[in-house]
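I opened the notebook for a friendly walk through this model. These are my entries, in the order in which I looked things up.

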Amino acid sequence: MGYGLVALILLVLLAPLIALVVLSFWTQQGFAIDKTPTLANYWSLIQPSDKATVYFGIPFYLKNPVPAILLLKSLVMSLVVTITVLVVAYPMAYFLAFRVDRYKVLWLILITIPFWTSYLLRVFAWKIVLGFNGAINSGLISLGVIDKPLDFLLYNPVAVVITLIHAWVTFAILPIYVSLEKVDRNLLEAASDLGDGRWARFCRITLPLSLPGVISAALLVFIPTVGDYVTPTLVGGPGGTMIGNAIQTLFFKQDNAPLGAAVSIVMMLVIAILCGLFLWAVGYKRLRERSAA
Amino acid sequence: MKRRYSLLTIYAAFFLVFLYAPTVLLPLFSFNDNTFAVFPLKGFTLRHYEAMAGNIAMIDALINSLVVGTIASVLTTAMSIPLAIGLTRRLLPASGLVLSTIMLPLVVPSIVFAVAFLILLVRIMNIELSLLTITMAHIFLCLPFSVMVLMSRLDGLDPSLEEASSDLGETTLGTFRRITLPLIIPGVISSLLMCFITSFDEFVLAFFLSGTQPTLPVFLYGQLRFPNKLPSVLALGSLILVASTVLVVLSEFIRRRDSAGSKSDTADLPIPANVT
């Protein structure tokens, strides 16, 4: 009877995603939906063409290259975001784990508050910061540094990347912090006693033992940012669109929900495969066992 | 030694400034006597707040958000209690699989969930978009947070208390009502608050699943298109920020108070650290 209950819970929890998968095998015919199962949507995403669409020097030999290009662009942007977030978050997590004795709860709450406050508002704040009539431009003008507003701040991929870094960095601190807290302080003492300097000790003990946290943080940031919708919509402009915008366009503007569903699923599959490959390549299981020991 | 300490501390201070500076601009400009969000600041005014208070559409959106947030947080927490007990006590088979499925909304992009719900609710179940559809989606979104909070609370409970209760003749339900529930109440309150904040601030699901009645973030997003509405957006945004900050601090305070019993590593964290 336990299994029946579990099956029911899983079915309810997965119902939306199951619906998405089912729809991706149907096709849009004008206003109606043809319910014959087919791979046509998926095929249209990889259908080759003789004519190449060149994007950033990469030729795409596809009949409908937009989803593939946007997916690749989103993956690259998320990768940049993830790497920067890790570099920014690690020292902060280290600070929390090794340097803060008093007021630790206060620090943790300070790091947490942005995570719980409105994502929409935090992204909107960047629009105010970077805008043509924004805080940076008006600030610099009133200080007399520049004469007219800089127009390269907002509505481009860089603005999207900066905003995403800011929005997701707190998400990365916590897993790294947890793995740093778990590092056995005796090991650090032993390393110092055996003659390791500060850097050698960090590189040989602390960093390797905190890698599981770094890897979880990387995935926690990479996976959701690929499909982010709010940030590219608000600060991306025409040049900063990502795959999330393509899904929205297919559903609402082009009224081709089945193709939109297929794009969503391909996106999630690609992310899952990339993450699986990444975990396999870094030997995540082994790392975790070592840190737990 | 001293120098390294201060370098890292300086970094931490800069980090906090980076983290908070953009957001603090919203309340800053909301009190500025100017229709544009620009420097230099002109003077202090409350007129943006006055204009906002007279906006009936905004008050309606606020009421919608309060209704959705309250229903979603109560229902999610009510569902999470049995789920969390089943998962921590290993009463269910395949509890790892169930837990990862519950955690899915944390890793699946909201836009995918939004369109998935749109298909399920509108195309398959033929439900018209309304506050009900938003509430349903928010329950899915809140479930991971609620289950995590309750599980870490349950983890810290002494199992012998429940054993003693059933040894002394209490039924399962009686034990739950008289022992388990009172002991996890801080977790329950914290879960209610967290779910409420999550739902109250959520935009993407609400945007795709709202019919004619917008929630507050959806209303706010609609206002962003009109430059002359910027001051009231700033005022409204500032109030939302303050409200969620107060709720977060309150929820953290309740959760951490007398949680000394649960000394697991993740118990101190507001989010699940190992969802992957």
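**Entry 1: the contact between chains.** How many residues of chain B are in contact with chain A, and how many of chain A take part? I found 63 residues of chain B in contact with 69 residues of chain A. I then asked which helices of chain B supply the touching side, and those with at least two residues each are helix 1 (2-30), helix 4 (95-107), helix 5 (110-124), helix 8 (172-201), helix 10 (216-223) and helix 11 (230-256). Helix 1 gives the largest share, 13 residues. By type, I noted 48 nonpolar, 10 polar and 5 charged residues on the side of chain B that touches chain A.

**Entry 2: confidence.** I reminded myself that this is a predicted model. Its scores are ipTM 0.85 and pTM 0.87. For chain B the mean pLDDT is 84, with 91% of its residues at 70 or more. I marked residues 260-276 of chain B with a pencil, since pLDDT stays under 50 there. The model has 39 contacts beyond four places in sequence for that stretch.

**Entry 3: the annotated span.** I checked the UniProt record, an unreviewed entry, and its annotation "domain: ABC transmembrane type-1" covers residues 62-251 of chain B. In the model that span is 82% helix and 0% strand. The C-alpha atoms at its two ends lie 21 Å apart.

**Entry 4: helix 3 of chain B.** I wanted to know how the length of helix 3 (residues 56-88) compares with expectation. Its 33 residues should span 48 Å at 1.5 Å a residue, and the end C-alpha atoms are 47 Å apart, so the two agree. I also looked along the helix for a bend, and found a kink of about 30° at B:Ser80, shortly before the proline B:Pro82.

**Entry 5: two positive phi values.** Just after helix 3, I stopped at B:Arg90, which has a positive phi of about 55° although it is not a glycine. B:Arg90 sits in the loop between helix 3 and helix 4 of chain B. Buried or exposed, I asked of B:Arg90? B:Arg90 is exposed, because 8 other C-beta atoms lie within 10 Å and the cut-off for exposed is 12 or fewer.

B:Asn126 went on the page next: phi is near 55°, again a positive value in a residue other than glycine. I placed B:Asn126 in the loop between helix 5 and helix 6 (131-155) of chain B. With 7 other C-beta atoms within 10 Å, B:Asn126 is exposed too.

Technical notes. Residues are numbered from 1 along each chain as its sequence is written. Chains are lettered from A and ligands numbered from 1 in the order in which they are written. This is a predicted model: local features need pLDDT of at least 70, side-chain atom pairs count only at pLDDT 80 or more; totals for chains, interfaces and linings use all residues. UniProt positions are given in the numbering used here, feature names are shortened, and annotations may be inferred rather than shown by experiment. Helices (H or I, at least four residues) and strands (E, at least two) are DSSP runs, numbered from the N terminus. The expected span of a helix is 1.5 Å times one less than its number of residues. The bend at a residue is the angle between axes fitted to the seven residues ending there and the seven starting there. Two residues are in contact if their C-beta atoms, placed from the backbone, lie within 7 Å. Ala, Val, Leu, Ile, Met, Phe, Trp, Tyr, Cys and Pro count as nonpolar, Asp, Glu, Lys and Arg as charged, and the others, Gly among them, as polar. pLDDT is the predictor's confidence in each residue, from 0 to 100. A residue is buried if 20 or more other C-beta atoms lie within 10 Å of its own, exposed if 12 or fewer, and partly exposed in between; C-beta atoms are placed from the backbone.
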